[in-house]
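Biologist: Before I accept the terms used for this entry, I should like to see the reasoning behind them. Please show me the structure.

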Amino acid sequence: MKMKLRYWMLFGMLIVTVVPRLVYEVPGLVDRYLLHPSQAEQRQAGMDGLAKEASKSGMAQWENPEWRSAVEKQASSLHLGIIVKDASGRERFRFMPEGSNYAEIRQIVFAEKGQLQGSMFLYGPKPGNGWGVALSIIAAVGVIVFIGLKIGRVVVKPLEAASAAARRIAGGDLDFELPTSTVAEVIDVRNAFHAMRNELQESLIRQSRLEEERRFFISAIAHDLRTPIFTLRGFLQRIEKSMHGSPQKLPHYLEICSQKAEQLNRLVSDLSSYTVTDSLDLSMRRERVELNRLLADLVAEYAPIAKEKKIDLRFNASPEAIALHADPHLIHRAIGNLMDNALRFTPANGKVTIHCSTRENRALFSIEDTGPGISAKEEARIFEPFYRSDESRNPEYGGTGLGLTIARRIIRAHHGELAVQRDTSDEGAVFAGWLPLASVLK
């Protein structure tokens, strides 16, 4: 049972007050109704008879010595005390056995013709309740001990465990479990500690993953940059020697150096963009973007590369203007990565097609190529950081394995999605995505 601490305190005070009093009355009740019930019944019957007879006789009989003697005898046998007072309150008769502690138990009023004549008071012995006192003291002590143990279990013990847990958290130890309780405030503290522990554990897991990714990131940088730098340095040495020995090889060496420099530029650009995508929510500058125009500019930008590789680059624009509320530079970067990926993997005389349309409240886009395609194994990992398929390991492509990761992060940061679609023939790949519309211009 869940209860607030203040109610637990009130409940405890009520138990401490009521239980000893109830226990105090138990011995008298046991004596009266269980051990000596006949005496109690006999006394009650005698009191009723005496009261009835005195009521009929009135005050006059109390002046009769014989009446008084008979009443005293009867009262003595019943262990009763009697005091009679007239209408003015003056005592006219008293019989109270010595050596007993008596208490008033009944009053009989004498009246005649509507006038108060006097009153008779009956007294019975107070029960000696030594057992009651002893039991009430024991009950009080027992209740206090019980409440103390209960408070220790549901309040003190959980709070001590919470204090120990706080020290363990400060020491970096998150392996703890706080005991349960029935006090609402203690339950709240327990839940807060467990929530904090879970958050810290998740934070440490995320930190561990980020640290692992950082180490992998650094090793990937070293690996990806070392090869083109080594090649570039070697050909620069050859150029230096060719200037004196074989001048006719100089253009070929310069072309290779230019390719390696471009590869280095692409590597550094991808790595730089990847680090920025971790804080996209803070760096994004949204504005109104017309998707058809952005894609047309990208097609024009990549047209010379496509022409050089003899690739047919086509753009199927939407018949209606599509407005987005997005960061134009990031969207340009994301879709540009997809187009760059398609052009690098599409062989000569191949085709890359960009589609754009709308459906419901979404702007749809896709980049389709006629390259080697994506296997089922690659499809599951294609968006992982630094993942590269066997084809992309060819020095001719020179990618970092970050382009698709960057593209998906940017699209998702704009509350959209990007996925890969694989043809069953394993020929070519389609990267399709969507972004929420700001509005559709008619």
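The exchange below sets computed values against the criteria for each term.

Modeller: Please bear in mind that this is a predicted model.

Biologist: What makes Arg362 count as lying over the face of Trp434?

Modeller: The distance to the ring centre is 3.8 Å, and the criterion asks for CZ of Arg within 6 Å of the centre and within 35 degrees of the ring normal. Arg362 is therefore described as lying over that face.

Biologist: How do you know that Arg197 sits over the ring of Phe176?

Modeller: The charged end of Arg197 is 5.6 Å from the ring centre; the limit is 6 Å, so the distance criterion is met.

Biologist: How many aromatic pairs does the whole structure hold?

Modeller: The search finds zero; therefore no two ring centres qualify as a pair under the 6.5 Å limit.

Biologist: Why is α9 called mostly covered?

Modeller: Because buried means under 20% relative accessible area, and 15 of the 18 residues of α9 are buried. The largest nonpolar core has 44 residues, and α9 gives the most to this core, with eight residues.

Biologist: What makes the length of α9 close to the expected value?

Modeller: Its first and last C-alpha atoms are 26 Å apart, against an expected 26 Å at 1.5 Å a residue.

Biologist: Why is Asp327 said to cap the N-terminal end of α9?

Modeller: A side-chain oxygen of Asp327 lies 3.0 Å from the backbone nitrogen of His329. A polar contact requires N or O atoms within 3.5 Å, so the distance qualifies.

Key: Residues are numbered from 1 along each chain as its sequence is written. This is a predicted model: local features need pLDDT of at least 70, side-chain atom pairs count only at pLDDT 80 or more; totals for chains, interfaces and linings use all residues. Side-chain values use heavy atoms; hydrogens and water are left out. Rings of Phe, Tyr and Trp (its six-membered ring) pair if their centres lie within 6.5 Å; planes under 30 degrees apart count as stacked, over 60 as edge-to-face and the rest as tilted. A nonpolar core is a set of buried Ala, Val, Leu, Ile, Met, Phe, Trp, Tyr and Cys residues joined through side-chain atoms within 4.5 Å. Buried means under 20% relative accessible area, exposed over 50%, partly exposed in between (1.4 Å probe, protein chains only). Helices (H or I, at least four residues) and strands (E, at least two) are DSSP runs, numbered from the N terminus. The expected span of a helix is 1.5 Å times one less than its number of residues. A polar contact is a pair of N or O atoms within 3.5 Å; within protein, one must be able to donate a hydrogen and the other to accept it, and residues adjacent in sequence count only if both atoms are side-chain atoms.
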